[in-house]
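Here are my notes on the model, pockets before sheet. Please read them with the structure open.

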Amino acid sequence: MERRKPRILVVDDHEDNIELLRARLEARGYDVDGARDGQEALDQVEKVCPDLILLDVMMPKIDGIEVVRRLKARTAANELPFIPVIMQTALDSTENKVEGLDAGADDYITKPINFAELEARVNSLLRIKALQSSLSAREKELRELNDKLRQISLTDGLTQIENRRSLEDRLNEMWQHSVRLHEPIAVVMCDIDKFKSVNDQYGHQAGDAVLKEFAQILRNEAREIDRVGRYGGEEFLLILPGTVLDAAVTFAERLREKVAKHTFNYTDGTLCRTMSCGVAGSPHPRIKDQEALLKASDEALYVAKETGRNRVIRFDGTEFNTHTQGKGNNSSDAEESGKRSSTGSQNISSAPAGVPGAPPRAIATSEGPRATS
């Protein structure tokens, strides 16, 4: 592969100076472009980015000091790569050199130009640019690798949706957002019914296929702003920002019906399974923080599993509370100890009348917000 020649942009308001430098530099193996003023130089950089700029200080329209200042500002903003700039001037004063270097120039050379000196300075800066380019490429590669590793650390390897760590981080962020803006938030904890029998009867490959298809159903039904992830085993969690409790229950019921009608495919055949869901939401007198919200949905899921599976239970429903009280353990209150509680009857339990802070009714849609006033 032929090596590309370094490209140098010579900026000078005298055409003769450009042509003289062009001849000398091209004889040394460089490609050379020319510009007659500062604005033309900036336009040239937009068209073909040079490897080095030899820039005259005194020019019409925009002088060299302003040109180098603009170029370096764009480099700092990551709009341009590092471009070494050698200022050239007939004014051999310390003040002029300091002004140019302060503006961002990388080197200085005075007129009349000593070409041996110029060639040495050009070679030196091009070596620096090569090192800078190599460093930038490695930094970019490292950033991409770190991003990839972070993504892997937050993604469930089998289903390619978010894992438990990511879900907990997201829930914390969304809870804080909900509190700050006084917006509702709901979660749905769901579980594939009798999943162990899939592995036992059909094998673990069939179980993996079911988990992947199940995750895809959840992702397809959720909105873009919702978070969907595998919480552990056959248990999945959906975080629904801006969603009141009634709407979350409606959404969960739609999911349940979808899964109940779905036929799962695996290598040797097909099978069917149902799902159970526990739903919790905030604001609610029983929900003090995100841990309480998560715990409430988990307890509601346990009730759904215990009372027959293939159903949706809300954490503050009449059936949930009645069954819990009948067992003498009101664990539906998020401030109580972590014992799981159970209750059963209907597939979807509704909020008891007169409960302070009960959320408004709402209809869930996958296309838009679920919260209604």
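1. The largest pocket holds about 380 Å³ of space. Keep in mind that this is a predicted model.

2. Which residues line the largest pocket? From the early part of the chain come R3, R4, K5, P6, Y30 and D51. The rest of the lining is N123, L126, R127, K129, A130 and S133. By class, six of the lining residues are charged, four are nonpolar and two are polar.

3. The second largest pocket has about 270 Å³ of space. Its lining is T75, N78, L80, P81, F82, Q132, S133, S136, E139 and R143. Here the count is five polar, three nonpolar and two charged residues. S133 is listed in the lining of the largest pocket and also in that of the second largest.

4. Which helix gives the most to the lining of the second largest pocket? Helix α5, residues 115-153, does, with five residues.

5. Now the sheet. Five strands make an open sheet, ordered β2-β1-β3-β4-β5, with parallel pairing. The edges are β2 (31-35) and β5 (107-110), and each of these pairs on one side only. From one strand to the next, the twist averages 20°.

6. Look at the β5 edge. Strand β4, residues 85-89, pairs with β5 in the parallel sense over four bridges. Q88 has I109 in β5 as its bridge partner.

7. Which strands does helix α1 lie across? Helix α1 (residues 15-27) lies across β1 (7-11), β2, β3 (52-56) and β4. Against β2, helix α1 runs at about 170°.

Methods. Residues numbered from 1 in each chain as written. Predicted model: local features only at pLDDT ≥ 70, side-chain atom pairs only at ≥ 80, totals over all residues. Heavy atoms only, no water. 1 Å grid on protein atoms, 1.4 Å probe; cavity = no way out; pocket = protein on both sides within 12 Å on 5 of 7 lines; lining within 4 Å. Points joined across faces, edges and corners; volume = space filled by probe spheres on them. Nonpolar A, V, L, I, M, F, W, Y, C, P; charged D, E, K, R; others polar. Helix = DSSP H or I, 4+ residues; strand = E, 2+ residues; numbered from the N terminus. Pairing = 2+ DSSP bridges. Axes fitted to C-alpha atoms, helices over the stretch in contact; angles between N-to-C directions. Contact = heavy atoms within 4.5 Å.
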